[in-house]
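Colleague: I'd like a close look at one part of this model, please. Take me through it in one go, and start with the question I put below.

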Amino acid sequence: DEDGSGGDASEAPSLAPYLEAFVDPYEVDPKLPPPGRRWSAAEIRLKSDADLQKLWAVLLRERNMLASVKLLHERRKTTMPHPERARMTRKSMAMIKVVLGERQRSAETAMRRGDLLTKRQRRRQKALAAAEGEHGEAVGAGAAAGAHGG
């Protein structure tokens with residue numbers, strides 16, 4: 001309608017999808033079961049990097065929503081339902097950082113020990129393997145023996 005009352009909802013874009021990210025589900029339905037617990041390091045270690053990225057995005061949205069709800073309740077001078085959710089969300093995000101740090105240190109250690117090869121090292125190994133296949137001899141072994149005075 002031209003007067004803005006009623007009419008087809010598909011005519012004008014709605015802000016609802018944008019605002020839903022800031023609506024506390026416990027405000028909409030107070031009968032929801034209590035929130036769960038935070039993520040443990042053991043659970044996070046089982047996740048792939050892609051899954052951790054998705055989990056981080058979910059936790060970030062939750063953290064932002066909870067910050068908005070907390071501010072709203074402070075202004076209203078009311079009590080936020082299940083305020084412990086903010087702490088659990090922060091702790092879960094911190095645990096993701098801990099696990100990613102462990103993975104980074106593990107990769108660095110493996111690189112120093114030689115367990116992980118750089119791209120250049122992998123290319124060189126492939127080239128040596130291809131050369132061995134063409135000549136029917138161990139090119140790498142011959143080169144290594146020559147380098148050691150053999």
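Is Lys77 buried or exposed, and what is its relative accessible area?

Modeller: Bear in mind that this is a predicted model. Lys77 is exposed: its relative accessible area is 76%, and the cut-off for that label is over 50%. As for where it sits, Lys77 belongs to the loop between H4 and H5. Its backbone is worth a glance too, since phi of Lys77 is near 60°, a positive value in a residue other than glycine.

His82 is in the loop between H4 and H5 as well. Here phi is near 50°, again positive in a residue that isn't glycine. On the surface side, His82 has 26% relative accessibility, so it counts as partly exposed.

Now for the two helices on either side of that loop. H4 covers residues 49-76 and H5 covers residues 84-113; their axes come within 10 Å and cross at roughly 155°. With anything over 145 degrees counting as roughly antiparallel, that crossing makes H4 roughly antiparallel to H5. The crossing of H4 past H5 is left-handed.

Who meets whom? On the H4 side, the residues in contact with H5 include Asp49, Leu52, Trp56, Leu59, Arg63 and Leu66. On the H5 side, Ala86, Thr89, Met93, Ile96, Leu100 and Arg103 are among those meeting H4. Sorted by type, the residues of this contact come to 11 nonpolar, two polar and six charged.

Met65 leads us to another element. Besides being one of the H4 residues that meet H5, Met65 is touched by Pro25, which also touches Leu32, leaving aside residues up to four places away in sequence. Pro25 is found in helix H2, residues 25-28, and is partly exposed, with a relative accessible area of 39%. There's a link to Pro81 as well: the C-alpha atoms of Pro25 and Pro81 are separated by 9.8 Å, with their positions 56 residues apart along the chain.

Stepping back to the chain, there are seven helices and zero strands. The protein chain has 150 residues, of which 15% count as buried. Looking at contacts between residues at least 6 apart in sequence, 65% join residues at least 24 apart. The accessible surface comes to about 11700 Å², and carbon and sulfur atoms account for 56% of that.

Terms used
Residues are numbered from 1 along each chain as its sequence is written. This is a predicted model: local features need pLDDT of at least 70, side-chain atom pairs count only at pLDDT 80 or more; totals for chains, interfaces and linings use all residues. Side-chain values use heavy atoms; hydrogens and water are left out. Axes are lines fitted to C-alpha atoms, for helices over the stretch in contact, and angles run from 0 to 180 degrees between N-to-C directions. Helices (H or I, at least four residues) and strands (E, at least two) are DSSP runs, numbered from the N terminus. Angles under 35 degrees count as roughly parallel, over 145 as roughly antiparallel, 65 to 115 as roughly perpendicular and the rest as oblique. A crossing is left-handed if the near helix is turned anticlockwise from the far one by less than a right angle, and right-handed if clockwise. Contact means heavy atoms within 4.5 Å. Ala, Val, Leu, Ile, Met, Phe, Trp, Tyr, Cys and Pro count as nonpolar, Asp, Glu, Lys and Arg as charged, and the others, Gly among them, as polar. Buried means under 20% relative accessible area, exposed over 50%, partly exposed in between (1.4 Å probe, protein chains only). Accessible areas come from the Shrake-Rupley method with a 1.4 Å probe; for residues, only the protein chains shown count as cover.
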